[in-house]
Amino acid sequence: PRSQTQTMAALTKLLLLVWCGAANAFNLPSVVARPDLARRGASTITMRHKDYALRVTRANAGRMRLCVIRSNNHIYAQVVDDSKGHILASASTTEKGEKLEYGGNCASAVGVGKRVAERALEKGIEQVWFDRNGRKYHGRIAALADAAREAGLSF
């Protein structure tokens, strides 16, 4: 009878040990539960924009970027040299010296396009590539681009 109780106690301890092990398996942090740990291995520099290398390549080839930013009430345009990170020419509807009128229409976008093209041509920039910043090529964005083309920029 004594061997039977010893066997029963050993079985109970074994069962308790297996049960505790299974319960703790769900509480341990794992790589699957934390994807930030899984990606940490050979990480590279995180780019803010996917096309960063393309922008620098185009800038090194002599094409600056004509970047257009549009808000509800205003529109801004900049010619950027991405290889150096410099703004070479800019124009907007919020500039001093311009008559104050509503900047959220196509007429004001045409004025900004002409001014940025004139300022870029003064600096010797004739070829750019058009960065619409994820906006559709429509409305004020298209009006600014067409005005810049008419003023002498090629893109």
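How many salt bridges does a search of the whole structure find? The search finds five. The structure is a predicted model, and every value below is computed from it.

## Salt bridge between strands E1 and E4

Start with Arg65 and Asp131. Their side chains form a salt bridge, with the closest N and O atoms 2.9 Å apart. Arg65 sits in strand E1, residues 64–70. Asp131 sits in strand E4, residues 128–131. The two residues are 66 positions apart in sequence, so the pair ties together distant stretches of the chain. Both Arg65 and Asp131 are buried.

## Glu95 and its arginine partners

Which residue meets Arg115 in a salt bridge? The partner is Glu95, at 3.2 Å from N to O. This pair also links distant parts of the chain. Arg115 belongs to helix H4, residues 106–122. Glu95 lies in the loop between strand E3 (86–92) and H4. The separation in sequence is 20 residues. Arg115 is buried, with a relative accessible area of 17%. Glu95 is buried, with a relative accessible area of 17%.

Glu95 also forms a salt bridge with Arg119. Here the closest N and O atoms are 2.6 Å apart. Arg119 is in helix H4, 24 residues from Glu95, and this pair too links distant parts of the chain. Is Arg119 buried or partly exposed? Arg119 has 28% relative accessibility, so it counts as partly exposed. Elsewhere, salt bridges that share partners join Arg65, Asp82 and Asp131 into one network.

## Asp81: buried, without a salt bridge

Asp81 is placed in strand E2, residues 75–81. The residue is buried yet has no salt bridge. What is the nearest side chain of opposite charge, and where does it lie? It is Lys84, 4.3 Å away. A salt bridge requires a distance within 4 Å.

Asp81 does have a polar partner. Its side chain joins that of Ser83 in a polar contact of 2.7 Å. Beyond residues up to four places away in sequence, Asp81 touches Ala59, Met64, His86 and Leu88.

## Ser92 and Val112

Ser92 is found in strand E3. At 9% relative accessibility, Ser92 counts as buried. Which residues does Ser92 contact, leaving aside neighbours within four places in sequence? They are Ile75, Tyr76, Val112 and Arg115.

Val112 lies in helix H4. Its relative accessible area is 0%, so Val112 is buried. Setting aside residues up to four places away in sequence, Val112 touches Ile75, Ala77, Ala91, Ser92, Thr93 and Leu144. Ile75 is thus named in the contacts of both Ser92 and Val112. The C-alpha atoms of Val112 and Ala143 are separated by 9.5 Å. Along the chain, Val112 and Ala143 are 31 residues apart.

## Asn133: a positive phi

Most residues other than glycine have a negative phi. Asn133 has a positive value, near 60°. Where is Asn133 placed? It is in the loop between E4 and helix H5 (140–150). Asn133 counts as partly exposed, at 40% relative accessibility.

Asn133 touches Cys67, Val68 and Ile69, not counting residues up to four places away in sequence. With Val68 there is more detail. A polar atom of the Asn133 side chain lies 3.3 Å from the backbone oxygen of Val68. The C-alpha atoms of Asn133 and Val68 are separated by 6.5 Å. In sequence, Asn133 and Val68 are 65 residues apart.

## A nonpolar surface patch

Which residues form a nonpolar patch on the surface? Leu14, Leu17 and Val18 do. Together they have about 310 Å² of accessible area. Leu17 is placed in helix H1, residues 2–25. The residue is exposed, with a relative accessible area of 60%.

Conventions
Residues numbered from 1 in each chain as written. Predicted model: local features only at pLDDT ≥ 70, side-chain atom pairs only at ≥ 80, totals over all residues. Heavy atoms only, no water. Patch = residues over 30% accessible without salt bridge, like charges linked within 9 Å, V, L, I, M, F, W, Y side chains within 5 Å. Areas by Shrake-Rupley, 256 points an atom, 1.4 Å probe, with all protein chains shown as cover. Helix = DSSP H or I, 4+ residues; strand = E, 2+ residues; numbered from the N terminus. Buried < 20%, exposed > 50% of the residue type's maximum accessible area, 1.4 Å probe, protein only. Lys, Arg positive; Asp, Glu negative; His and termini not counted. Polar contact = N/O pair within 3.5 Å; in protein donor to acceptor, adjacent residues only side chain to side chain. Contact = heavy atoms within 4.5 Å.
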